[in-house]
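Here's a quick briefing to read alongside the model. Take a look at the structure first, then go through the points below.

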Amino acid sequence: MALLKRNKAEKRASRPRMHQRFLQITLSTVLIGISLIVVSCMGIASIQQANRKSYNTQLQTSMNEYWLEMRNRMGTDREALQIMAEYMQGKSSEEFRDFAMDLQDARQDNSFLRMGYYTRTGMQSRVRADGTLEENIPMEALEPEVQQLINYALQGKKSASQVYYDEGMQQQLIMYAAPVQAANGSVTGVVAASKDLSAFQKIFTQPSVSQSKLDVVWVDQSGRIIAASESTPLAPQGTENFLSQAGVDEQVAQSALQQMENNEALHFTIQLEGKEQTVYMQPFGMNGWYLCYADTINSGKSPIYSILITSNVLSGMIILLCLGLLYYVRWAMWGSNKELMKLAYYDRLTGTYNFEKFTQCAEDLLAEDSNYALITMNIRQFQYINEILGKAQADQVLKKLAALLRQMIGEKECFCRSNADQFYLLLHSSQEEQVRARVEAIMEQAGTIAQELNVSYPVILYAGAAMVQESAPPEELVRDLLHKAEFAQKHAVKKYQNVLAFYDRAMHRKENFQNSIESSMQSALAKQEFQLFLQPKVRLENGQVEGAEALVRWIRPDETLVYPNEFIPAFEKNGFCARLDLYMVDRTCRQLREWMDAGYEPICISVNQSRLLFYQSDYVERLCAVMDRYHIPHGYIQLEILEGLAIENIEQMNKTLAQLHEKGFRLSLDDFGSGYSSLNVLAGIQVDEVKFDKDFLLESAPDKKEKNKLALKNVVKLAKDLQITTVAEGVEVQQDEEFVHSIGCEYGQGFFYSCPIPPEEFAQRYLKKASDRSQKSE
Ligand code: C2E
Ligand code: CA
Ligand code: CA
């Protein structure tokens with residue numbers, strides 16, 4: 001049972017193996033693809049990071065360039081102012097005015113828009129670049145940024161103002177201031193100069209050394225834009241405060257302002273033109289100013305990055321292509337597989353299963369349930385249908401039969417056409433009668449095929465059937481059923497009508513025995529499996545047993561008794577019979593010797609002699625040698641020869657018979673009347689006895705029986721005239737005895753007296769001790 005289940009499981013498992021394989025390949029392709037993409041994404045990410053880092057450093061460097069430039073510019077301005085402040089030491093504001101006028105005229109060393117001299121009371125005098133002079137503006141009238149700067153400078157510190165709007169000049173200005181100190185170190189006034197922002201603006205528009213262009217915005221401590229690179233997206237037109245523009249989150253702006261209070265460098269992301277952009281803010285180091293910048297141009301795009309992106313897209317495409325290819329191959333294979341399966345499992349002509357598929361299906365069904373019968377079916381003399389009607393018509397017959405079977409086959413059953421006209425069916429039934437009824441119905445229906453096709457040759461089927469009788473693994477069961485059904489079918493072929501033969505174990509055993517005869521006969525002889533049986537021969541006059549016939553019995557090692565009719569014909573064909581007959585003579589002589597030694601009165605025993613012996617030149621000598629071995633007088637052995645043998649060559653026969661007579665053997669003509677009997681034979685052959693074939697008496701048809709009796713009567717008369725002893729075989733009942741006795745036959749042999757029995761039994765029943773006789777006569 002376990003084996004059965006395992007086989008089934010194995011079979012089931014093997015079926016989707018290809019599908020599984022395919023899934024495995026697909027899965028591994030996808031996995032490899034995904035890992036390739038993941039690895040390359042990680043590569044991209046790390047390269048991007050490294051790239052960004054180096055880019056940021058690059059940005060920082062560029063930024064520093066701008067910062068330095070601005071600081072330098074401011075430094076130069078403030079140095080110029082310092083020189084002026086030193087010049088003004090101990091001088092009056094008038095002197096400053098003249099000096100400033102000259103200076104502005106020359107416009108040499110500076111690019112100031114305006115230069116002025118201031119004291120604690122306010123502006124004393126100042127000169128514009130175009131030479132316009134202004135004088136005596138009180139401190140309170142000055143811009144607050146200017147006031148703050150002057151006051152700061154009056155404390156002795158150099159500084160620059162916040163950016164402020166000058167009404168008079170109508171532009172944004174930045175002012176530098178330097179204290180004018182007296183010899184004692186006290187601050188007497190302040191020299192201040194204003195500059196517009198265009199100079200710084202120019203710095204931002206110049207390309208830096210390390211970067212072609214950087215977007216820079218210069219803001220004060222509240223984020224208000226002082227100056228910016230030209231048309232930078234970081235500070236679109238109209239933006240006043242860098243931190244309150246649309247793209248900057250309010251919270252981000254808030255925290256930026258906080259950080260700016262602490263003068264920290266900071267960065268945050270803003271939305272620029274729909275993209276996220278990181279903005280860096282670097283403290284300028286003066287007035288709480290900051291320089292803001294961002295990479296608005298290429299966001300860290302490097303060629304490696306795009307190569308990687310391209311390679312990623314490419315590998316994705318390759319994977320897709322592989323998958324596509326894989327699916328195409330699978331699809332194509334599926335198609336050809338189907339085609340192959342068809343070729344491998346289906347019969348092309350009829351579309352039914354072929355034999356392989358049938359056995360597979362039968363195994364599967366038998367694994368589930370064993371109530372089945374296997375039938376093999378064949379069309380009688382199909383080769384004539386082929387020859388007479390032609391191949392096309394014969395094919396039609398096969399197709400029709402297949403269609404009929406398809407109709408008559410139920411669920412959980414299957415059938416196939418094997419080769420030519422051989423069909424196999426597996427019917428779900430454990431009852432012979434049911435199976436017979438179904439097969440006979442098929443046969444009847446098949447009979448109509450000829451009419452349907454208008455074919456003049458009858459479609460007659462012969463079939464063999466085997467029922468499941470024992471449990472075994474399905475493969476074994478199917479093999480066994482096929483073997484048995486085919487065996488049964490072989491026996492059904494003999495009749496000219498629809499026949500279904502069921503497998504018969506005894507018949508099979510017999511056939512197997514026939515097949516094994518040749519291989520086992522030699523060893524059987526050596527092992528003394530051939531045994532001597534004796535059948536009495538009775539003198540009809542007094543009922544005395546006066547003789548016996550030696551008949552061979554083959555006792556097989558398994559104790560089965562095999563009758564001579566089953567093996568003598570085969571032995572005659574293969575020549576072994578000659579050996580067996582001499583062996584039987586030997587057994588008979590040995591028996592006679594035993595009896596003689598035991599004090600029994602011996603009787604004459606007839607031994608059947610095959611025709612083969614008569615063709616052996618040394619037959620007579622060998623026979624005598626056997627007899628002499630046991631010292632048996634030759635008269636105790638009678639040799640039975642077949643009538644047919646005498647007909648073959650009567651002259652040669654008589655020569656041998658004469659030799660045998662000479663040696664003292666009695667001769668008997670066996671089975672007289674069985675073949676083409678001729679009275680001439682009886683007259684022409686030199687025998688001592690004739691045995692009439694048992695068929696004379698066994699005939700059951702009354703008219704034939706009468707004729708037989710008449711013939712027998714005349715032959716007995718003839719034999720008597722020729723002085724040949726007469727024996728009637730086949731005496732089965734008393735009437736037989738009475739009849740043969742009435743026509744003058746001398747001896748009878750048959751079941752009426754006894755069937756052949758072993759010698760021991762024979763001696764017990766029929767032999768007398770010589771001592772008994774002498775006692776009687778006394
Ligand atoms: P057979 O020589 O004609 O032997 C007589 C056969 O008739 C025996 O069959 C015997 O059992 C059978 N028989 C006897 N009385 C009756 C009866 O009343 N009714 C019927 N129906 N049958 C009866 P058996 O022993 O089976 O032998 C069959 C044949 O085999 C013999 O026919 C003989 O030709 C041959 N045979 C037997 N033993 C030998 C042998 O040792 N050598 C050779 N060459 N042939 C043998
Ligand atoms: Ca005989
Ligand atoms: Ca006989």
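Along the chain, the donors of the calcium ion (ligand 2) follow the spacing E-x58-N-x31-E-x29-D. Donors here are N, O and S atoms within 2.8 Å of the metal (3.2 Å for Na, K and Ca), and water is not among the atoms, so sites may look incomplete. Keep in mind that this is a predicted model: local features need pLDDT of at least 70, side-chain atom pairs count only at pLDDT 80 or more, and totals for chains, interfaces and linings use all residues. Residues are numbered from 1 along each chain as its sequence is written, chains are lettered from A and ligands numbered from 1 in the order in which they are written, and side-chain values use heavy atoms, with hydrogens and water left out.

**Calcium site**
- Glu549 (OE), Asn608 (OD1), Glu640 (OE) and Asp670 (OD) are the protein donors of ligand 2, at 2.0 to 2.3 Å from the calcium ion.
- Asp670 also coordinates the calcium ion (ligand 3), which sits 3.7 Å from the calcium ion (ligand 2).
- Glu549 counts as buried, at 4% relative accessibility, while Asn608 is partly exposed at 22% (buried is under 20% relative accessible area, exposed over 50%, partly exposed in between; 1.4 Å probe, protein chains only).

**Ligand 1**
- Glu549 turns up here too, with a polar side-chain atom 3.0 Å from an oxygen atom of ligand 1.
- Gln535 has a side-chain N or O atom 2.9 Å from a nitrogen atom of ligand 1.
- For Asp671, a side-chain N or O atom is 3.2 Å from an oxygen atom of ligand 1.

Notes: A polar contact is a pair of N or O atoms within 3.5 Å; within protein, one must be able to donate a hydrogen and the other to accept it, and residues adjacent in sequence count only if both atoms are side-chain atoms.
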